[in-house]
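Work through the exercises below with the sequence and the 3D structure side by side, and try each task before reading its solution.

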Amino acid sequence: MTPVLDPTLHTAVFAAVERVVNQALELAPAGRKRLNELSDCVFAMHCTAPPLEVYLQPGDGRVRLMGFYDGPVTASVRGVASDFAELATAADPTAALINGNLELKGDSAPLIELQKIITALDID
């Protein structure tokens with residue numbers, strides 16, 4: 001049986017990560033503006049090892065992280081944690097998506113834009 005992350009811990013981790021990203025966005029007006037262009041998007045990340053699902057919804061220059069989402073998604077990415085880390089740090093995210101082990105469904109253009117915005121943030 002696959003271990004499941006405790007829902008309380010799950011929520012706390014998402015809240016902490018969301019807070020850090022949003023604080024970095026406060027210091028990046030250009031990033032907030034670019035993020036607003038993605039306000040109609042929802043991105044799903046399905047990590048298979050370790051098992052974790054995250055939904056990210058941009059809006060109002062901020063991001064919202066959710067463990068559950070019941071609606072249409074713009075892009076869905078599935079893979080193992082190391083593949084997600086590789087995408088997050090890739091100099092060329094398009095090549096990383098095409099040549100990597102991640103499985104992508106949906107529109108990749110907004111996802112690549114999101115990756116560029118997050119990579120440009122100074123998160124300490």
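The exercises that follow concern a predicted model, and they go from the whole chain to one helix and then to the empty spaces.

**Exercise 1. The whole protein**

Describe the order of the elements, and work out whether the radius of gyration agrees or disagrees with that of a compact globule.

Solution. Begin by counting the elements: the protein has five helices and five strands. Read from the N terminus on, these elements run α-α-β-β-β-β-α-α-β-α. Next, turn to the overall dimensions, where the C-alpha trace spans about 45 × 35 × 30 Å along its principal axes. Because the protein has 124 residues, a compact globule would be expected to have a radius of gyration near 14 Å, and the value for this protein is 14 Å, which agrees. Finally, 35% of the 124 residues count as buried.

**Exercise 2. Helix α5**

Find the expected span of helix α5, compare it with the distance between its end C-alpha atoms, and say which of its residues are buried.

Solution. Helix α5 covers residues 108-120, which is 13 residues. The rise is 1.5 Å a residue, and the expected span multiplies this by one less than the number of residues, so α5 should span 18 Å. The end C-alpha atoms of α5 are 18 Å apart, which agrees with the expectation. At the start of α5, a side-chain oxygen of Asp107 comes to within 3.2 Å of the backbone nitrogen of Ala109. The buried residues in α5 are Pro110, Leu111, Ile112, Leu114, Gln115 and Ile117. When reading such a list, remember that an α-helix has 3.6 residues a turn, so residues three or four places apart point the same way.

**Exercise 3. The largest pocket and the largest cavity**

Give the volume and the lining of the largest pocket, and then do the same for the largest cavity.

Solution. The largest pocket has a volume of about 840 Å³. Of the 27 residues that line this pocket, Val17, Met45, Leu56, Ala88 and Ile118 are the closest to its centre. At least two lining residues come from each of α1, β1, β2, β3, α3 and α5. Sorted by class, the pocket lining has 24 nonpolar, three polar and no charged residues.

Now take the cavity: the structure holds one of 30 Å³ or more, and the largest cavity has a volume of about 40 Å³. Its lining consists of Asp83, Glu86, Leu87, Ala96, Gly100, Asn101 and Leu102. Helix α3 (residues 81-88) supplies the largest share of this lining, three residues. By class, the cavity lining has three nonpolar, two polar and two charged residues.

Key. Residues are numbered from 1 along each chain as its sequence is written. This is a predicted model: local features need pLDDT of at least 70, side-chain atom pairs count only at pLDDT 80 or more; totals for chains, interfaces and linings use all residues. Side-chain values use heavy atoms; hydrogens and water are left out. Helices (H or I, at least four residues) and strands (E, at least two) are DSSP runs, numbered from the N terminus. Buried means under 20% relative accessible area, exposed over 50%, partly exposed in between (1.4 Å probe, protein chains only). A polar contact is a pair of N or O atoms within 3.5 Å; within protein, one must be able to donate a hydrogen and the other to accept it, and residues adjacent in sequence count only if both atoms are side-chain atoms. On a 1 Å grid over the protein atoms alone, a cavity is a set of points where a 1.4 Å probe fits but cannot get out, and a pocket is an open set with protein on both sides within 12 Å along at least five of seven lines; lining residues have an atom within 4 Å of a point. Grid points are joined across faces, edges and corners, and a volume is the space filled by probe spheres set on the points. Ala, Val, Leu, Ile, Met, Phe, Trp, Tyr, Cys and Pro count as nonpolar, Asp, Glu, Lys and Arg as charged, and the others, Gly among them, as polar. The radius of gyration is taken over C-alpha atoms; the globule rule is 2.2 Å times the number of residues to the power 0.38.
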